[in-house]
Amino acid sequence: MRRVHVYLETERLRLRRFTPADAGLLVELDSDPEVMRFLTGAPTPPAEIEDVVLPGILKVYAEHPGLGTFAASDAGGFVGWFGMQPTADPRAVGVGYRLLQSAWGNGYATEGTKALIAQAFTELGMERVEADTMAVNHRSRAVMRRAGLRFEKVFHVQFDDPLPGTEFGEVLYSVDRATWEAVRHG
Ligand SMILES: CC(C)(COP(=O)(O)OP(=O)(O)OC[C@H]1O[C@@H](n2cnc3c(N)ncnc32)[C@H](O)[C@@H]1OP(=O)(O)O)[C@@H](O)C(=O)NCCC(=O)NCCS
């Protein structure tokens, strides 16, 4: 039987490492233009998932054992993924999430992100957690706020083929250990 590497569990979700057999889940997720609206604006070609996306995910597990992109399931099966990625600062991680549209509206993104932040400050001993998204991605910004991340700044990135809304910039949210602990114990 294949060994499943469970990363963490919340009340309703189980997060596990992706395996080489999981390309189909990622293809399904990235095939919805609405899911990809603030990311690339279009479905990710299946060949790109096979050749670039999934190998990239597996490589992060090898290089950063406590970090990576993790498949999330509820009682009914796959709902999307959560990511906790290295940053240029070894004491900071970046969190992210991408859920099937059928899983939106349940509080799953908030629940998973809260768990990742707790994992970062406890198990991983991080000092800072951050997240960024397009300023116009209001659903994502709401997740960041609900999960305890605080708005830090707007910044601008030059893209060759900018998505609608790029003119409003990207937003950075973050929380440091002291703030997270104060809110948690407050
Ligand atoms: C960003 C994304 C994950 C947000 O999903 P979401 O379902 O809106 O976020 P949550 O899981 O926190 O759920 C919040 C919603 O569930 C509702 N909800 C229901 N039960 C809930 C509960 N137990 N706890 C919290 N919220 C609950 C909330 O009221 C809210 O509803 P609303 O959207 O009508 O205001 C989703 O839109 C997505 O995957 N988008 C595509 C990928 C993307 O853009 N990722 C971010 C790029 S950086």
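Begin at the ligand: strand 5, helix 4 (108-121) and helix 5 each supply at least two residues of the shell around it. The model is a predicted one.

**The ligand shell**

Select the ligand and the residues around it. The shell holds 19 residues, and the closest are Trp104, Gly107, Ala109, Thr110 and Thr133. Colour the shell by residue class: eight residues are nonpolar, eight are polar and three are charged.

**The whole chain**

Zoom out and switch to a cartoon. The chain has six helices and eight strands. Read from the N terminus, the elements follow the order β-β-α-α-α-β-β-β-α-β-α-β-β-α. The radius of gyration is 16 Å, close to the 16 Å that the globule rule gives for 186 residues, so the chain is as compact as a globular protein of that length. The C-alpha trace spans about 45 × 45 × 30 Å along its principal axes.

Two further numbers describe the chain as a whole. Of its 186 residues, 28% count as buried. Among contacts between residues at least 6 apart in sequence, 57% join residues at least 24 apart.

**The sheet**

Now select the strands. They make an open sheet of eight strands in the order 1-2-3-4-5-6-8-7, and the pairing is mixed. Strand 1 (6-9) and strand 7 (150-155) are the edge strands, each pairing on one side only. On average, neighbouring strands of the sheet are turned by 30° against each other, direction ignored.

Start the walk across the sheet at strand 1. Strand 1 and strand 2 (residues 14-17) run antiparallel and are joined by three bridges. The two strands form a hairpin with four residues between them. To find the register, select Glu9 in the viewer; the bridge partner of Glu9 in strand 2 is Arg14.

Move on to strand 3 (residues 68-74) and strand 4 (residues 77-86). This pair is antiparallel, with seven bridges. Strand 3 and strand 4 also form a hairpin, with two residues between them. Pick Ala71 here: its bridge partner in strand 4 is Trp81.

Strand 4 has strand 5 as another partner, again in the antiparallel sense and over seven bridges. A hairpin of five residues joins strand 4 to strand 5. Select Pro86 and look across to strand 5, where its bridge partner is Val93.

The pairing sense is parallel at the next stop. Strand 5 (residues 92-99) and strand 6 (residues 128-134) pair in the parallel sense over three bridges. Gly94 stands opposite Glu130 in strand 6. Add helix 5 (residues 138-146) to the selection: this helix packs on the sheet and touches strand 5, strand 6 and strand 8 (170-176). The direction of helix 5 makes about 165° with that of strand 6.

With side chains displayed on the strands, one general pattern can be kept in mind. In a regular strand the side chains alternate between the two faces of the sheet.

**Leu116**

Go next to helix 4, which contains Leu116. Is Leu116 buried or exposed? Leu116 counts as buried because 26 C-beta neighbours lie inside 10 Å, and the cut-off for buried is 20 or more. Show its contacts, leaving aside neighbours within four places in sequence: Leu116 touches Phe82, Met84 and Val95. For a distance label, join the C-alpha atoms of Leu116 and Val93; they are separated by 9.9 Å, and the two residues are 23 apart along the chain.

**Gly41**

The last stop is a loop. Gly41 lies between helix 2 (33-36) and helix 3 (46-63). Which residues is Gly41 in contact with, leaving aside its neighbours within four places in sequence? They are Met36 and Leu163. Gly41 is partly exposed, with 13 other C-beta atoms within 10 Å. To finish, draw a distance between the C-alpha atoms of Gly41 and Pro164: these are separated by 8.8 Å, although the residues are 123 apart along the chain.

Technical notes: Residues are numbered from 1 along each chain as its sequence is written. This is a predicted model: local features need pLDDT of at least 70, side-chain atom pairs count only at pLDDT 80 or more; totals for chains, interfaces and linings use all residues. Two strands pair if DSSP finds at least two bridges between them. Axes are lines fitted to C-alpha atoms, for helices over the stretch in contact, and angles run from 0 to 180 degrees between N-to-C directions. Two residues are in contact if their C-beta atoms, placed from the backbone, lie within 7 Å. A residue is near a molecule or strand if its C-beta atom, placed from the backbone, lies within 6 Å of it. Ala, Val, Leu, Ile, Met, Phe, Trp, Tyr, Cys and Pro count as nonpolar, Asp, Glu, Lys and Arg as charged, and the others, Gly among them, as polar. The radius of gyration is taken over C-alpha atoms; the globule rule is 2.2 Å times the number of residues to the power 0.38. A residue is buried if 20 or more other C-beta atoms lie within 10 Å of its own, exposed if 12 or fewer, and partly exposed in between; C-beta atoms are placed from the backbone.
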